[in-house]
There are 2 protein chains.
Amino acid sequence: MQGMTTDKTRALRADAQRNRDRILDTAEQYFSEHGVSGSLDAIAKQAGIGAGTLYRHFPNRETLLAALLTARDDALVARRDHLRGGSVNAADALDGWLDAITAWAGAFAGLPEPLRAATTTSSSPLSVTCQGFITTTEEFLQAAQDDGSARRDVRARDLFLAALATSWVRGAALADDASAAALAELTRNGWATTRPARAVDDR
Amino acid sequence: MQGMTTDKTRALRADAQRNRDRILDTAEQYFSEHGVSGSLDAIAKQAGIGAGTLYRHFPNRETLLAALLTARDDALVARRDHLRGGSVNAADALDGWLDAITAWAGAFAGLPEPLRAATTTSSSPLSVTCQGFITTTEEFLQAAQDDGSARRDVRARDLFLAALATSWVRGAALADDASAAALAELTRNGWATTRPARAVDDR
DNA sequence: CGATCTAACGGAGAGGCTCTCCGCATCGAC
DNA sequence: GTCGATGCGGAGAGCCTCTCCGTTAGATCG
């Protein structure tokens with residue numbers, strides 16, 4: 001609207017860009033090791049920058065998390081496009097999509113919590129991401145409902161939350177992966193219209 | 001085994017007992033208002049005692065929480081006994097029990113989190129409580145399986161976690177009670193053997 | 001009803017966290 | 001090379017959890 005700014009916000013200064021990347025790299029590793037509640041100051045120190053720099057780039061934990069996650073969005077988007085391809089039936093597509101979300105939400109220990117919060121807050125940088133995924137869920141659900149393989153009284157938002165919840169349970173049960181699978185199965189039985197003939201081991 | 005101690009640990013000194021009660025009362029109120037993450041020091045101050053006193057009685061947040069919850073166990077136990085009475089069929093009994101757990105886990109904002117952790121940690125004061133409830137769930141599930149109203153491939157532990165998860169979702173969706181109900185319904189559809197004829201509004 | 005012996009108290013403070021503020025260094029356009 | 005504008009970094013404020021230990025005050029006993 002007014003100057004030579006490169007598109008949106010003006011391009012970052014070289015050092016700023018370098019620091020931003022450093023932070024992202026370090027945070028990715030740090031959160032992987034310590035979960036999303038790891039100390040931000042520790043990340044700054046490990047990245048070799050001052051705390052102020054970190055907080056200027058990412059005013060709070062959520063913003064940092066959001067930046068980290070959009071970098072990972074690609075995988076999910078790819079999965080979505082593959083499922084959209086139509087190589088599987090609507091029910092399996094929805095199932096696969098929910099599975100992908102569950103896996104995505106498990107990227108870091110403790111991640112489901114802020115995601116859940118973002119789902120309802122709408123004022124968090126994460127909420128945009130979540131909203132987008134809910135919309136996609138809507139799309140898959142719609143298709144499954146249209147061909148009669150999903151109950152009509154389920155809402156996409158709730159399926160999304162169920163996927164988050166499954167991931168949340170998994171976070172606890174390090175010792176017991178079966179629980180997460182069981183919950184996912186429970187969910188599928190919940191939204192599907194047909195009695196599942198397949199055994200529990202299928203998933 | 002050795003003295004005039006009243007049964008287990010020797011009886012508390014009068015002031016100690018008084019302080020303990022004060023803490024419990026204050027914490028109950030404080031957690032209700034601020035969620036389970038509220039400041040413990042603030043509770044001590046509000047209770048009119050020193051921080052040291054609080055931490056001597058309850059070495060950490062979990063211990064305090066556990067004490068608070070056992071005080072509430074009664075309601076749940078009562079519910080259990082009522083359901084055991086046999087006035088309803090096995091499926092509804094299981095359903096009612098899971099509902100009771102969900103409500104119980106919603107006593108304070110953020111409570112599901114430590115409960116989930118306790119479910120797998122086994123070294124937390126909360127885990128005893130959780131384990132007890134899982135056992136009861138087992139009992140109701142068994143009955144429902146025996147009369148053919150619950151699938152055989154579900155485990156009590158997973159139903160318990162599902163109830164916790166439902167409560168967890170509700171915690172987020174202050175604006176949207178429907179989500180919690182939807183999840184509960186999803187769960188029921190998940191474990192029940194019969195296609196639910198009833199509409200979603202029934203729950 | 002003191003005297004005495006402990007159990008229990010309370011708050012200062014260590015250590016860790018989030019986040020802000022602002023003097024200073026550095027970048028990059030000219 | 002000069003000179004804004006932009007970005008850096010770390011000291012420190014404020015809050016939290018939890019500990020330590022000198023002091024207080026129940027309980028018990030002659």
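**Figure 1. Lining of the largest pocket by domain and element in the predicted model.** At least three lining residues come from each of domain 1 (1-59) and domain 2 (69-202) of chain A. The space in the largest pocket is about 470 Å³. Its lining has 22 residues, and Val36(A), Phe108(A), Ala109(A), Gly110(A) and Pro112(A) are the closest to the pocket centre. Elements that give two or more residues to this lining are helix H4 (61-84), helix H6 (112-121) and helix H8 (156-172) of chain A, together with helix H6 (112-121) of chain B. H8(A) gives the largest share, four residues. The lining consists of nine nonpolar, seven polar and six charged residues.

**Figure 2. Residues surrounding DNA strand D.** The strand is surrounded by 21 residues, of which Arg13(A), Asn19(A), Arg56(A), Asp41(B) and Arg61(B) are the closest. Of the atoms of DNA strand D that come within 4 Å of the protein, 64% belong to sugar and phosphate. Seven nonpolar, seven polar and seven charged residues form the surface near the strand.

**Figure 3. Atom pairs and elements at DNA strand D.** Arg13(A) places a polar side-chain atom 2.2 Å from a base oxygen of the strand. For Asn19(A), a polar side-chain atom lies 2.4 Å from a phosphate oxygen. Leu40(B) has a backbone N or O atom 3.0 Å from a phosphate oxygen of DNA strand D. Two or more residues of the surface near the strand come from each of helix H1 (14-34) and helix H3 (51-57) of chain A and helix H2 (40-47) of chain B. H3(A) gives the most, with five residues.

Definitions and conventions
Residues numbered from 1 in each chain as written. Chains lettered and ligands numbered in written order. Predicted model: local features only at pLDDT ≥ 70, side-chain atom pairs only at ≥ 80, totals over all residues. Heavy atoms only, no water. Near = heavy atom within 4 Å. Polar contact = N/O pair within 3.5 Å; in protein donor to acceptor, adjacent residues only side chain to side chain. Nonpolar A, V, L, I, M, F, W, Y, C, P; charged D, E, K, R; others polar. 1 Å grid on protein atoms, 1.4 Å probe; cavity = no way out; pocket = protein on both sides within 12 Å on 5 of 7 lines; lining within 4 Å. Points joined across faces, edges and corners; volume = space filled by probe spheres on them. Domains from an automatic or database assignment.
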